[in-house]
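Visitor: Hello! Could you show me around this protein?

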Amino acid sequence: MNPILALIALLVVAGAVVAISSRDPRATILGLAVVLIGSAVLAEPVPAPLGLATRFVGAILAADLLWIVTRDRPRAPVPSAATEGSRIGWPAETLVALGAFVVGYAAHGLGAPALGPALASAAGFSVAAIALTATLTGRDVVRVGLGCLLLIDAGLLVRTALGGTPGDFEQLITSAALVVLAGTLAALAAAARADGSGGFGLSLERVRRHREPDAHPLDVR
């Protein structure tokens, strides 16, 4: 086992646990950035510099799009300003992630010869296991969207474990898809924050809050 790859795999799993468990939107985005960046390196052999740089740029841009939406807190303390967080707590999420990590490592190749490292399969299973609850049971836009992003990243990790290191063009397509999905999530999160609740949960009353115009009209006399 490559100790460097093992460390990266553990960092990816830890980032996923933080992204799913934390109630602070900014902490969840930091965890997501760790997952996206670490997943790009979790391959053997290491991807070519061009493809690796493409994944890094895509991961940073995706995280930045979400950071723009979540970096500003409401002026008044609003309970819905935070994301829902994990319903079972981070210790339980960690145990689920570790259990799925072991299963993914043991199931490397899924019964067929695999071209990639077993650690990529282990990390992919782990990320998918803890992202499923956020995707299926989440009640705010940020949590559900992060779960979807993590599920896609988990699929990419399993693909690397089965098919080996992806090429430069595949890295480019992957980065573009992640950025587009993150941009869509950022737009939905901004709309949810503007619906009157001040947070990222969808408003049940469907009553939009009146907002002052960004630009003041000119006083023409």
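Visitor: What percentage of the 221 residues in the protein is buried?

Guide: Welcome! This is a predicted model, where local features need pLDDT of at least 70, side-chain atom pairs count only at pLDDT 80 or more, and totals for chains, interfaces and linings use all residues. Residues are numbered from 1 along each chain as its sequence is written, and side-chain values use heavy atoms, leaving out hydrogens and water. Buried means under 20% relative accessible area, exposed over 50%, and partly exposed in between, with a 1.4 Å probe and protein chains only. Of the 221 residues, the buried share is 45%.

Visitor: How many helices and strands does the secondary structure come to?

Guide: Helices (H or I, at least four residues) and strands (E, at least two) are DSSP runs, numbered from the N terminus. Along the sequence the pattern reads α-α-α-α-α-α-α. The count is 7 helices and 0 strands.

Visitor: Why are the buried residues of helix 4 on the same side?

Guide: Helix 4 covers residues 90-106, and its buried residues are Glu93, Ala97, Ala100, Phe101 and Gly104. They lie on the same side of helix 4 because the arc they cover around the axis, taken from the directions from the helix axis to the C-beta atoms, is only 115°.

Visitor: Which exposed residues does the face of helix 4 turned away from its buried side carry?

Guide: On the buried side, the cover includes helix 1 (3-21) and helix 5 (118-137). The face turned away from that side carries the exposed residues Leu95, Val102 and Ala106.

Definitions and conventions:
The expected span of a helix is 1.5 Å times one less than its number of residues. Contact means heavy atoms within 4.5 Å.
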